[in-house]
Amino acid sequence: MARKSKKPDLESPDLVTDIPDVLPVLPLKDAVLFPYIILPLSVRRDKSMVAIDRALATHRLLLLVSQRDPTVDDPDADGLYSVGTAAAIMRMLKLPDGRTRILVQGLARARLEHLGQTEPFLQGKIQLIEEARIDDKSAMNAQALTRNLKENLDHVVNLGRGISPEVMVIASNLDDPGRLADLAASNLEIKVDEGQQVLEISDPIERLEKVNKLLNREVQVLTMQQEISSQARGEMDRSQREYYLRQQLQAIRDELGEGDELASDIEGYRRAVKDKELSTIALEEMERQIRRLERSHPESAETSVLRTYLDWLTDLPWNTYSADNLDLDHARRILDEDHFELEKIKERIIEYLAVRRLKKDSRGPILCFVGPPGVGKTSLGRSIARALGRQFVHLSLGGVRDEAEIRGHRRTYVGALPGRILQSLRQAGTSNPVFMLDEIDKIGADYRSDPSSALLEVLDPEHNSSFSDHFLGLPYDLSQVLFIATANLLDPIQPAFLDRLEVLRLTGYTEDEKQQIAKRHLIPKQTEAHGIDGKNVAFTRPGISCLISSYTKEAGLRNLEREIAAVCRKVAVRVARGEDRQLRVTPKQIERLLGPAKFHLEELLSHDRVGVATGLAWTAAGGDLLFIEAVATPGKGDLVLTGQLGEVMRESAQAALSFARVYAARQAAAEDSNGADSEFFSKHNIHVHVPAGSIPKDGPSAGITMATAIISVFTGRPVNRRLAMTGEITLRGDILPIGGLKEKIMAARLAGVETLLLPKLNQRDLVEVPEPIKKGLTFKFAEHLGEVLEHALLAK
């Protein structure tokens, strides 16, 4: 039912004051009628029209009661509120469509005691509710509330509430608190349940307070509405002003002949779409973004974002591939020209080319070159690209901590760009370059993101055919890219990441290999870089050996190249001064040019000693000799470790001492113990020291060396100084295999070691060590520490 309030007609001749206790009941769906308020109603329910006819036939009075649920067409007593308003029918009009329109005026509040009948209309027994009187004590409070309500009504009207002037005149002249509250409530947009609450309050002061609260809420709502409207109007005015200025600017540009740049750009994007062989998804997305760009304003921020996105979409080499050179002999020739040795790496590249030649759509491998610095990992990637005829892309990942560096930023951020993977492909101009991911073992991670996890999709052959960059938002095919990763160590690499890599190890170079590389590559490169040639300088073989052994200590070649460059600079100074005599680089000449030797080879002990054993260690610069010293001092059996030993090495020392205690007990129990003291280790402290205390050391491979030194102290038997050993020990005395075998053998050979004692399980690895490195060495293998002691300890 529609509801529209009108001013009360207090002088109406139809006003009935004598109200019977039984009245026809007219349910109201969405309205509440207050006393003295005139309300028009539209009635279409049969029972309601019969009730109107009954009222008109008798005393023209009805009880108007609001429904609890307005969706119910035939409410019963439970569906009606218990308090309503007795009203008089002032006018009635029947419409052609069957509806009846009536005009009613509220007379008094009445309580519905019960429904006496429900057919053919509702009729119920009622009881009028008398309004409480205001005593002298409450008169002042009632006056204050009345004034406050009138002020709130004025405020509501000033804020735009549509209350007629006639109602405002009546309200200003009305002093009855109860009737003023009813008048105000009838002209507010309140819900039926809130109006019903006001109707059920018989105390005028309490009713005034309730209506005042509703008026205050209406004031707040209208104030906020006005603020929103003002703000929207201001935005609209500013937009209209900007539009007018832009139109003027466009007219000026047209007069200057600058043309429509946006239309030109859009046309360029459409041409680029035709030229590019994009996927269906990419084509749909690009067309959608172009349509958005057409609808946007040239000066808006969104236009700039769309242009950047479309520029990247059109610049990426979607289906642009360089043709592979699949000539195996040519590839081998290129690899041999650029690198000496590295047979395993070269064979793997030739295998890849052979597979590509037989199966064109084969996926590229994910290779990982692992080795110390300076062994040629990066330059090998360049040679592979040259051999294949592909572009080479280099991406250093050292210190990268943000996943967005790989996957890109989402376009919601200002200045968002794709990740460095797609940026590199754009730079390369093809979708199948040789892509080198350098220093993957130095990728950072924090609580926000982990770039290693983001690289899993890039390096997974099963998923990188649809790599998704956050900025691009489209799948991009990386399956034809030949990814090559490099690392110095495997330990820091995430296991799931490492699982996707085909690891190829590049060990350190021998002195002979460094000689050849220096002659073939380093010396020609540096002489050309310094503007000199063979007429000015000649490097002798002893001179190169002196540079390698006395001025560098590394597995790779970087420092050797620096020292060669230093010699070339000295020669360049001589040539610049006019000296044209050739300088022969000999060991003596090197000492004059570069100063005293920077490094000295580890030398063996001058004689065999008790408690000093020779071990072997792997370092980032290659292999090295490790002298482990042990002494016994009176004490309580404590173990003292010095020399900056790491946690793993400390645990190896503890395991070695525990085995030595067991060994001592067995020796004392044997019949031929020769006076062995079973309580030796409980009466003495064992101090184990590893020289070069300023250098941190760690790793398990010194276990048998420590045990040999400790047992040497116990037995008083010296250790063979020309024997070096390496291996991890268990509490049972078993010897476990170690790594870095080639580097350790090289260090032993350079130091003059004659016999090398290795774990039995490493015997199979010896096959991969080149013969020149093993030349002159005797290898012995042991499974238990007892075998080590037989070879290492000499007679007293």
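What follows walks through a predicted model, going from overall dimensions to individual strands and a few backbone oddities.

Starting with the big picture, the protein has 796 residues and a radius of gyration of 49 Å, whereas a compact globule of that length would come out near 28 Å. Along the principal axes, the C-alpha atoms fill a box of roughly 140 × 90 × 55 Å. The secondary structure adds up to 26 helices and 24 strands. Some 48% of the residues are buried. Among contacts with a separation of 6 or more, 75% link residues 24 or more positions apart. On the outside, the protein exposes about 40100 Å², and carbon and sulfur atoms supply 49% of that area. As for charge, there are 105 positive and 116 negative ones, and the mean positions of these two sets sit 5 Å apart.

Zooming in, strand β7 covers residues 366-370, and five of its five residues are buried. In a regular strand, side chains alternate between the two faces of the sheet. Here I366, C368 and V370 point one way from β7, while L367 and F369 point the other way. Both sets are buried. The neighbours of β7 come next. Strand β12 (residues 482-487) pairs with β7 in the parallel sense, over five bridges. Within that pairing, L367 stands opposite I484 of β12. Strand β13 (residues 502-505) also runs parallel to β7, and four bridges join the two. There, V370 has R505 of β13 as its bridge partner.

Strand β1 (residues 22-28) has a similar story to tell about cover. Six of its seven residues are buried, so β1 is largely enclosed by the rest of the structure. Its pairings come in both senses: β1 and β6 run antiparallel and are joined by three bridges, whereas β1 and β3 run parallel and are joined by four. On the β6 side, V22 stands opposite K125. On the β3 side, L28 is matched with S66 as its bridge partner.

The backbone has a few spots worth a look. Most residues other than glycine have a negative phi, and most peptide bonds are trans. Against that background, the bond between E119 and P120 is cis, with omega at about -5 degrees. P120 belongs to the loop between β5 (100-117) and β6 (123-128), and β6 is the strand that pairs antiparallel with β1.

Two residues that are not glycine take a positive phi. For R60, phi is about 60 degrees, and the residue is found in the loop between α1 (46-57) and β3 (61-66). With a relative accessibility of 31%, R60 counts as partly exposed, because it falls between the 20% limit for buried and the 50% limit for exposed. The other case is Q644, where phi is about 55 degrees. Q644 lies in the loop between β18 (639-642) and α21 (647-669). Its relative accessible area is 43%, so Q644 is partly exposed as well.

Definitions and conventions
Residues are numbered from 1 along each chain as its sequence is written. This is a predicted model: local features need pLDDT of at least 70, side-chain atom pairs count only at pLDDT 80 or more; totals for chains, interfaces and linings use all residues. Side-chain values use heavy atoms; hydrogens and water are left out. Buried means under 20% relative accessible area, exposed over 50%, partly exposed in between (1.4 Å probe, protein chains only). Two strands pair if DSSP finds at least two bridges between them. The radius of gyration is taken over C-alpha atoms; the globule rule is 2.2 Å times the number of residues to the power 0.38. Contact means heavy atoms within 4.5 Å. Accessible areas come from the Shrake-Rupley method with a 1.4 Å probe; for residues, only the protein chains shown count as cover. Lys and Arg count as positive and Asp and Glu as negative; His and the chain ends are not counted. The place of a charge is taken as NZ of Lys, CZ of Arg, CG of Asp or CD of Glu.
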